[in-house]
Number of protein chains: 2
Amino acid sequence: MTNINLPQPFTARQPPSIVALAGGVGGAKLADGLAQILPPKALTIIVNTGDDFVHWGLNISPDLDTVCYTLAGLANPITGWGRMNETWNVFEQMERLGAETWFRLGDSDLATHLERTRRLRDGEPLSSITRDFCARWGIRHAILPMSDDPVATMVDTIEHGELPFQEYFVHQRCEPTVKGFRFEGVEKARPAPGVVEALRAADAVVFCPSNPWVSIDPILRIISHLLAKEAPGVRVAVSPIIGGQTVKGPAAKMFRELGIEPSALAVAKHYGESVLTGFILDEIDAEWMEDVRALGIHPFSTSTLMKSPEDRRSLARDVLHFIERLV
Amino acid sequence: MTNINLPQPFTARQPPSIVALAGGVGGAKLADGLAQILPPKALTIIVNTGDDFVHWGLNISPDLDTVCYTLAGLANPITGWGRMNETWNVFEQMERLGAETWFRLGDSDLATHLERTRRLRDGEPLSSITRDFCARWGIRHAILPMSDDPVATMVDTIEHGELPFQEYFVHQRCEPTVKGFRFEGVEKARPAPGVVEALRAADAVVFCPSNPWVSIDPILRIISHLLAKEAPGVRVAVSPIIGGQTVKGPAAKMFRELGIEPSALAVAKHYGESVLTGFILDEIDAEWMEDVRALGIHPFSTSTLMKSPEDRRSLARDVLHFIERLV
């Protein structure tokens, strides 16, 4: 059996309270699906900030912005990140002035970084700024940065040694061979306000289909002690690897370079049975179901590719159904 | 005689070397006229930076930008400041995020402030950044900020006490009644690199038709000791007041509020004969010629209203002819 058909539809009952852990595009899509079907108080999205960096003197939080733009309906539907109907007038003039151009910032997007930077410099925490931006963008569900303290994901590479994440990801287009990762500042970083409370109140934690190495792991490093003490026992991950490949981003390449055959099973193993109770893989990866079960993790397979808003809702519904079985 | 007709046209001989002192729009127009007829090495423009301020966390130099945009052919021909073909996408999003909106920054213009701010934070002096921007904008004449050190023009008002210049000028739309001015930091501010050398090499100093109180005075405070020791003896001011009014800006209102009837004569008196050797007033103010002469300053009248690029060239040519008579 690869799917569960619950006799009573989930929507007819009290929805479970969910904490979703998310990185960029893939994570944002499932978070959006969950937000489409869960009431605001039943969903808190905790977002990776290890990718945050300073560019053009501005504090940029790529994953946080992607999740916010996606939930606000402002995201570029083609790329999955950045803003829809974006213009590039500032960028063109910055290019003329000799500014760095390897990271493209659109005009609408730039306002986010400008205003965030100004408020951070004024001493306001990232979580507070994000809460206010969300309210102004009409987002009703809680989106929290994993921490208000800076954490910098460093990618250790064979060719160039350690690279800051965006340098590896955007500037070097994920080409260098990965040896490992380091999350600078993670030891001192405290969970952002609201994270502990959300985990305490949740029925389940959902690991969105984001990169395990550089999107979910930084969050886990921040909340691992909470997962042990405060979080609900149900933790379900959705595999970002489908048929041995990632829909987007370097996760599969990273597994391979670290000597692990990229697969849904590899993702389940990466998190492990001490962290996960359930694991959702794509229908085309159903072959791994028994291997996942053998790890001591409940497997569930469904269509996980999210091409349309309806796909997001559908996967979110499957995730909630699966969780209800595990609670 | 209100005009000088030199037997040999100026352009046939070696051009005089000029230092022009300029504020915003009016100053930029004459500076542009001078740049249209003088070769690059014969003109240095020293620009007021007392209006500089921080907005949205960005370092903004309104007069410097107006002069640069004007000489680069990038200025908005309608307003005289800001950029032509400007878009306002960042501004619209900033508004949505609750940022201050009393000072409008266009997208193309914003790039200037963003890149300048980044480089200032990196420790590069304003004069060096300006030199590089000018090269990238195709400006061949030297444009120098009066100083690399911060100077803040404060407007003392009856209604609100002391206001930072842009607060008075833009936010309060010049409505408060002026009691006086203070140039914070001017005592410690050193002339920017190039200012001393330009004054030493010049045949004449031209005071562009900018606001005497808040555009030219701050520059004079910085270079007054150089005017006494290093600068050429010929100093010619062009009246920003025509027929008792200013073409743009609050200069006439300021004179009035300080108890002085605004007129070309009032401008000549403001600078005084210890500073000026020559004074150019508009044809419609020819009535003041003898009064200016009585101050010990050579008067010259011509059409000073600059509506077209040709008007700028024409006034610049008149200024140079007048200077040649005084040298």
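**Close-up views of a predicted two-chain model**

**View 1. Burial and overall fold of chain A.** Of the 327 residues in chain A, 51% are buried (20 or more other C-beta atoms within 10 Å of the residue's own, with C-beta atoms placed from the backbone). This is a predicted model: local features need pLDDT of at least 70, side-chain atom pairs count only at pLDDT 80 or more, and totals for chains, interfaces and linings use all residues. Residues are numbered from 1 along each chain as its sequence is written, while chains are lettered from A and ligands numbered from 1 in the order in which they are written. Chain A holds 12 helices and 14 strands (DSSP runs: H or I, at least four residues; E, at least two; numbered from the N terminus). The C-alpha trace spans about 60 × 45 × 35 Å along its principal axes.

**View 2. Helix 12 of chain A.** The helix covers residues 309–326, 18 in number. From first C-alpha to last it reaches 26 Å, close to the 26 Å expected at 1.5 Å a residue (1.5 Å times one less than the number of residues). Its buried residues include Arg312(A), Asp318(A) and Phe322(A). The buried residues pack against helix 1 (25–37) and strands 9 (204–207), 10 (234–238), 13 (278–282) and 14 (298–302) of chain A (contact: C-beta atoms, placed from the backbone, within 7 Å).

**View 3. The axis between chains A and B.** A turn of 180° and a shift of 0.0 Å along the axis lay chain A on chain B with an RMSD of 0.0 Å (least squares on C-alpha atoms of residues with pLDDT of at least 70 in both). That is the relation of a two-fold axis. Asp107(A) comes closest to the rotation axis of the residues of chain A, at 3.6 Å (C-alpha). The same surface serves both copies: 100% of the contact residues of chain A recur in chain B.

Conventions
A residue is buried if 20 or more other C-beta atoms lie within 10 Å of its own, exposed if 12 or fewer, and partly exposed in between; C-beta atoms are placed from the backbone. Two residues are in contact if their C-beta atoms, placed from the backbone, lie within 7 Å.
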